[in-house]
Amino acid sequence: MSPPQVETAVRLHILSLTRDAQPFAMIAASLLALTMLMHTPWPNVAIWWGCMFAAQLCYRQQIVQLLRQSQLSHSLSRRGFRRFCGWSLLLSLLWSCAPWWLVVDNDPLYMMLVLLWLAAVAAAYAAYFSSVRTLFYLALLVLVLGAMLKLLLSGVPVLYMAALSCLLYGVALVVMIWPLHRIIRDSFVARDENSQLLTELSAQQQQVEAVNLQLEEQGRLLDEALVRVEELVAHDPLTGVLSRRAIMLQGERLLEHAGVSGQPFCLAMLDLDHFKAINDGFGHLVGDEVLRQTCLLLGTDLRGSDSLGRYGGEEFMLLLSGVGLAQAQPRLEQMRLRLQQYDWSDLTRQRPVTVSIGLIAWQPGLDLAQLIRRADDLLYAAKRAGRNRVQVEPTAALAEKGSA
C-alpha cells in the first residue's frame with residue numbers, strides 16, 4: 001500500500017469516527033452547561049454553549065461534505081483535510097475556554113468538575129486523532145494549555161497541583177499515542193494488503209471459474225462427440241441397424257443372461273438372395289437402397305427387446321430375446337413374406353427381393369461363435385433348398401414341438 005493511499009485511508013477513518021461522535025459531543029457539552037448553570041451566570045453558559053453548538057454544526061457539515069466528496073472521487077484533498085483540522089482545533093479551543101467562562105471566582109470544586117470533563121474530551125481526542133499524530137498533538141496542546149493557563153492564573157494553590165495533573169495527563173496521552181500511532185497505521189497497511197489479496201484472489205477465482213466453465217463446456221461437447229462416435233460405431237452407416245461389433249456385443253449379453261436366468265432366445269442369420277445380380281444389373285446405388293429398404297421392412301416386425309445388425313455385405317444377424325423356435329419361426333416367416341410381397345418396381349423393375357434365413361435357438365453349452373456357425377449352416381441349407389425360406393434344425397424343432 002503506497003503512502004498516499006495509507007494517508008487517505010487514515011484521514012477517512014478519522015472523518016468517519018468524528019462524524020459518528022458529533023451527537024455525543026453535543027450531549028456532553030449540553031450536560032456540562034446544565035451542570036454549571038447552577039453555579040455560573042446563565043449568560044456565560046449561554047455564550048459558551050451557543051459558540052460550541054454553532055461550531056459543532058459547522059464542523060459536522062464540513063465532515064459530511066468531505067466524506068461525500070471522497071465517495072464520489074475516491075480521494076481526499078489535502079486542502080479539505082486541513083480545513084477539517086482547523087475546525088478540530090477551534091473546537092479544542094472552545095472546550096479549553098470552559099474553565100474561563102463557566103467557573104466563577106476560581107471555585108476549586110467546580111474547576112475540578114470542568115477539568116474532569118476536559119480529561120474525558122482529551123481521551124476522546126486520543127481515540128479520534130491517534131492515527132494522525134500531528135493533529136492529536138495540536139488538539140491536545142490547545143486543550144491542555146488553555147486549562148493550565150486558567151489554573152496557573154487562578155491564584156489558588158490547590159489549582160496549581162491540578163495544573164500539574166493536567167500536564168501529567170497530557171504527557172501520559174502522548175506516551176500512549178506514540179506506539180499506538182504506529183500500530184494503527186500498520187493496521188491500515190495490513191487491511192489494504194488483505195483487501196488487495198482478496199481482490200486478486202477473487203479475480204483468480206473468477207478466472208478459475210471461467211476456466212472450469214470452459215472445461216465443463218468442452219467436456220459436454222466431448223461427451224456429445226463420444227456419444228455420436230459410439231452411435232456411429234454401434235450402427236451401420238448405410239442401413240442404420242446395429243453394426244457387426246454392436247450386434248455381437250448384444251449377442252454376448254443375451255448369452256450371458258440366458259446362462260444365468262435360463263431365459264431363451266433365438267439367433268437368425270439372414271442373407272438376401274441373388275443380391276450380386278441386383279448390384280451388377282442395377283448398380284451399387286440401387287443395391288444400397290435395397291439394403292436400406294430391407295432393414296426398414298424387417299424392423300417393422302421387431303420388438304423393443306429384439307436386435308437387428310448388419311453382419312456383412314447383404315447378410316444380417318437377428319436376435320430375438322425371450323422366445324423359442326416355436327414363437328420365432330412364424331415371426332421370421334412373416335418378415336420373409338413382407339420382403340417378398342413388397343413392391344420393388346421402383347428399384348429392381350419387378351424383380352423380387354427375397355431372403356434366406358437360418359434360425360437356431362439357444363442351447364446350454366454353446367457359445368456365440370458356435371450359435372452363429374450353426375445358424376450360418378442353416379442359412380446355406382436354405383440357399384441349397386431353393387432360397388426364400390426359413391431353415392431350422394429339424395431335430396430342434398421336433399424336440400421343442402414335443403416339449404410343447
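**Strand β3, its neighbours, and a helix pair**

Let me begin with the sheet, where strand β2 (residues 307-312) is joined to β3 by five bridges, and the two strands run antiparallel. I should say at once that this is a predicted model. Within that pairing, serine 307 has leucine 319 of β3 as its bridge partner, and β2 and β3 form a hairpin with two residues between them, where glycine 313 in the turn has a positive phi of about 60°. Strand β1 (residues 265-272) is also antiparallel to β3, joined to it by seven bridges, and here aspartate 271 is partnered with glutamate 315 in β3.

How many of the seven residues of strand β3 are buried? Seven of the seven in residues 315-321 are, so β3 is largely enclosed by the rest of the structure. In a regular strand, side chains alternate between the two faces of the sheet. In β3 both faces are covered, with Glu315, Met317, Leu319 and Ser321 buried on one side, and Phe316, Leu318 and Leu320 buried on the other.

Turning to the helices, α9 (residues 275-282) packs with α10 (residues 284-299) at an angle of about 140°, the axes being 6 Å apart, which makes α9 oblique to α10. Phe275, Ile278, Asn279 and Phe282 of α9 meet His284, Val286, Gly287, Val290 and Leu291 of α10, and by class this contact has six nonpolar, three polar and no charged residues.

Finally, the cysteines: the disulfide count comes to zero, and for cysteine 166 the nearest cysteine sulfur, that of cysteine 97, is 15 Å away. Cysteine 166 counts as buried because its relative accessibility is 14%, and cysteine 295, at 5%, counts as buried too.

Definitions and conventions: Residues are numbered from 1 along each chain as its sequence is written. This is a predicted model: local features need pLDDT of at least 70, side-chain atom pairs count only at pLDDT 80 or more; totals for chains, interfaces and linings use all residues. Side-chain values use heavy atoms; hydrogens and water are left out. Axes are lines fitted to C-alpha atoms, for helices over the stretch in contact, and angles run from 0 to 180 degrees between N-to-C directions. Helices (H or I, at least four residues) and strands (E, at least two) are DSSP runs, numbered from the N terminus. Angles under 35 degrees count as roughly parallel, over 145 as roughly antiparallel, 65 to 115 as roughly perpendicular and the rest as oblique. Contact means heavy atoms within 4.5 Å. Ala, Val, Leu, Ile, Met, Phe, Trp, Tyr, Cys and Pro count as nonpolar, Asp, Glu, Lys and Arg as charged, and the others, Gly among them, as polar. A disulfide is a pair of cysteine sulfur atoms within 2.5 Å. Buried means under 20% relative accessible area, exposed over 50%, partly exposed in between (1.4 Å probe, protein chains only). Two strands pair if DSSP finds at least two bridges between them.
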